[in-house]
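Me: Please examine the structure below with me. I should like the descriptive terms to be justified by their criteria.

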Amino acid sequence: MTELEKRTWAEISLANIRHNYRAIRAALPEGCRFVGVVKANAYGHGALAVSQALEAEGADYLAVSCLDEAMELRDGGIRMPILILGHTPVEFTFLLADNDITQTVTCLKKAEEFSAECVRLGHELRVHIALDTGMSRLGFLCGPDGAANVLRAVSLPGLKAEGVFTHFAVSDEAGEDNEAYTRAQYKLFCDTIEAVHEGGFDFALRHCANTGAVLHYPEMALDMARPGLLLYGYGDESGELGLKSCMRFMTRVSTIKHYPPGTCVSYGRRFVTERHTRMGVVGAGYADGLFRCLSNRCAFWVGDGFAEQRGSICMDMCMIDLTERPEAGVGSEVEIFGVKTSLDALAAAAQTIPYELLCAVSKRVPRVYKDF
Ligand SMILES: *Cc1c(COP(=O)(O)O)cnc(C)c1O
């Protein structure tokens, strides 16, 4: 890292990712495979580095959201199977086939398009069938014609149907109603697979367990689990499995100023000092992924304790009250989230989910691979 980059950076512990992988694997039923979900730049942790670590650990599959993400991994030398969870336009079938990338197929019409393109090119495409069991996003509907449509799709020429999956809407949310919904989704998934079986076709890989299901419904792991957030060590119950957070979002104190009481701080004058204040300016703002809605609503770890964030968060910097942190000076490192400051708590303060804060850590923030 150059001096310039030391303004704000993200430390990523690949050792913690490997630790989490092993801990989750140990909690899964014997023989259950593991898909590392590395979409969205591995939830901000760096897709290639995380994928290399998972490949070295012996994970079975990787999942990404789109062709660009899959190609980044193939171009980076990743050889293990990769599943694209989202849509790929049919004209890129040759890239999928040439690079041995598995594509999700979400309806009969698209299955027919991929099949026709494969026949035209003389290629074979490995696919997983997505079933919509209640997420109402991608996937074959599981109504009366559901199994029949799936059977037609899997028997099309040029397609090698390896897997089938569904996605849960509320497996991570507590409450009887949510539990009933998840169980109904699972039953519809299993019933549809059974009907396809009766029609004469069996999938090698049946999968549905995201983070919420791995934690709350281990009996739904089937052939393969695909936790994302959990792999990175976040979520309310990640501590129960002994998981560790894998990212520390860091910045540094660049300047310290002393203000009398009654001093307005930052845009909009949304904070006014009530005492003599030793205020630090740090080099992280909303362009780095520190949400502006957190202004005056969070505290960061610096020196030996927390410092309250004060005033509106700006694009490239924000202010923190160092009056009670005399040990912190210009150049002190500040942890926005990570080990001392929980991402989950920060997400709650921003009225969002930890996923969004991780994905928000912007391109401007260099990722530094360093164990902690
Ligand atoms: C993102 C995603 C996952 C992983 O979700 P987590 O909640 O992070 O475990 C699994 N499956 C699909 C289809 C996804 O889109």
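The following exchange concerns a predicted model and takes up a helix pair and two backbone angles.

Me: Why is helix α7 called oblique to helix α8?

Reply: The axes of α7 (residues 146–154) and α8 (residues 176–198) cross at roughly 55°. Angles under 35 degrees count as roughly parallel, and 65 to 115 as roughly perpendicular. The crossing angle falls in neither range, so α7 is oblique to α8. The two axes come within 9 Å, and the crossing is right-handed.

Me: Which residues make the contact between α7 and α8?

Reply: Helix α7 contributes Ala147, Val150 and Leu151, while α8 contributes Thr192, Ala195 and Val196. Of these residues, five are nonpolar, one is polar and none is charged.

Me: What makes Thr192 the polar member of this contact?

Reply: Ala, Val and Leu count as nonpolar, whereas Thr is on neither the nonpolar nor the charged list and therefore counts as polar.

Me: What makes the phi of Ala40 worth a remark?

Reply: Ala40 has a positive phi of about 50° although it is not a glycine. This residue lies in helix α2 (residues 39–43).

Me: How do you know that Ala40 is partly exposed?

Reply: Its relative accessible area is 33%. Buried means under 20% and exposed means over 50%, so Ala40 is partly exposed.

Me: Why is Leu222 called partly exposed rather than buried?

Reply: Leu222 has a relative accessible area of 22%. Buried requires a value under 20%, so Leu222 is partly exposed. Leu222 lies in the loop between α9 (211–216) and β10 (224–225), and its phi is positive, near 50°.

Technical notes: Residues numbered from 1 in each chain as written. Predicted model: local features only at pLDDT ≥ 70, side-chain atom pairs only at ≥ 80, totals over all residues. Heavy atoms only, no water. Axes fitted to C-alpha atoms, helices over the stretch in contact; angles between N-to-C directions. Helix = DSSP H or I, 4+ residues; strand = E, 2+ residues; numbered from the N terminus. Parallel < 35°, antiparallel > 145°, perpendicular 65-115°, else oblique. Left-handed = near helix turned anticlockwise from the far one by under 90°. Contact = heavy atoms within 4.5 Å. Buried < 20%, exposed > 50% of the residue type's maximum accessible area, 1.4 Å probe, protein only.
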